[in-house]
Amino acid sequence: MSIEARLDELGLVIPQPLRTPPGLTIPFSWVRVRGNRAYVAGHIPLNPDGSLAIPRGKVGRDVTLQEGYMAARLTALAVLGSLKRELGELERVSAWLRVFGMVNAAPGFVDLAPVINGFSELILELYGKERGLHSRAAVGMAELPFGVSVEVEAEVEISG
């Protein structure tokens with residue numbers, strides 16, 4: 001079954017690109033392809049229309065661990081959207097290599113890995129262990145863009 005068919009089966013929607021606030025310039029590429037690698041810039045949780053998903057804020061204070069997990073899952077969908085737009089089809093991702101997960105963490109909040117599991121578990125569910133298993137970091141940050149609770153960047157191997 002294709003990745004897009006799996007997404008449909010799970011009732012998941014790849015969001016439109018980020019709707020940037022007026023006056024904000026994005027002077028970088030969301031996905032940069034070099035050779036057989038695609039480097040994915042930091043992505044944040046989006047609604048299907050490309051607007052910022054809620055809730056926003058610090059996990060452990062404004063956002064629960066479960067809400068943070070779901071934000072990481074939405075972030076995975078945003079990354080998949082950028083990969084699809086750049087590569088043409090998600091099947092071109094032959095392996096997920098590295099994921100760097102950042103959590104907007106309240107002071108003292110240390111359950112960072114379970115939050116970023118929302119990203120990792122969705123990738124594994126869609127791509128399977130052979131293609132989806134990746135190395136990963138999950139770190140706490142003092143702040144993230146727009147006050148979102150999660151940001152993730154990644155590196156994937158691509159074919160064709």
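Q: Is Phe119 buried or exposed?
A: Buried: in this predicted model, Phe119 has a relative accessible area of 0%.

Q: And Trp96, buried or exposed?
A: Trp96 is buried too, with a relative accessible area of 1%.

Q: What sort of aromatic pair do Trp96 and Phe119 form?
A: An edge-to-face one, 6.1 Å centre to centre with 75° between the planes.

Q: Which parts does that pair tie together?
A: Trp96 sits in strand E3 and Phe119 in helix H3, so the pair links parts that are 23 residues apart in sequence.

Q: Which residues make up the cluster linked by ring pairs?
A: Trp96, Phe119 and Tyr127.

Q: OK, the core. How many residues are in the largest nonpolar one?
A: The largest nonpolar core has 37 residues. Leu7, Leu80, Leu83, Leu90, Trp96, Phe119 and Tyr127 have the most contacts inside it.

Q: Which elements give two or more residues to this core?
A: Helices H1 (3–10), H2 (65–87) and H3 (112–132) do, along with strands E2 (37–43), E3 (93–104) and E5 (150–158).

Q: What is Leu90 in contact with, leaving aside neighbours within four places in sequence?
A: Ile3, Glu4, Leu7 and Ile14, then Leu80, Leu83 and Lys84, plus Tyr127 and Arg131.

Q: What lies apart from the largest core?
A: Another core, of seven residues. Leu18, Ile44, Met102 and Val148 are among them.

Q: Switching to pockets: what volume does the largest one have?
A: About 330 Å³.

Q: Which lining residues are closest to the centre of the largest pocket?
A: Of the 21 that line the pocket, Leu18, Phe28, Trp30, Gly42 and His43 are the closest to its centre. Leu18 also belongs to that core of seven residues.

Q: Which elements give two or more residues to the lining?
A: E2 and H2. The largest share, four residues, comes from H2.

Q: How does the lining divide into nonpolar, polar and charged?
A: There are 13 nonpolar residues, five polar and three charged.

Q: Back to rings for a sec. How many aromatic pairs does the structure hold?
A: Three. One of them is Phe28 with Trp30, both from the pocket lining.

Q: Why does the Phe28 and Trp30 pair count as edge-to-face?
A: Their ring planes are at 75°, and over 60 degrees counts as edge-to-face. The centres are 5.0 Å apart.

Q: Are those two buried or exposed?
A: In between: Phe28 is partly exposed at 43% relative accessible area, and Trp30 is partly exposed at 27%.

Note on methods:
Residues numbered from 1 in each chain as written. Predicted model: local features only at pLDDT ≥ 70, side-chain atom pairs only at ≥ 80, totals over all residues. Heavy atoms only, no water. Core = buried A, V, L, I, M, F, W, Y, C linked by side-chain atoms within 4.5 Å. Buried < 20%, exposed > 50% of the residue type's maximum accessible area, 1.4 Å probe, protein only. Contact = heavy atoms within 4.5 Å. 1 Å grid on protein atoms, 1.4 Å probe; cavity = no way out; pocket = protein on both sides within 12 Å on 5 of 7 lines; lining within 4 Å. Points joined across faces, edges and corners; volume = space filled by probe spheres on them. Nonpolar A, V, L, I, M, F, W, Y, C, P; charged D, E, K, R; others polar. Phe/Tyr/Trp six-rings, centres within 6.5 Å; stacked < 30°, edge-to-face > 60°.
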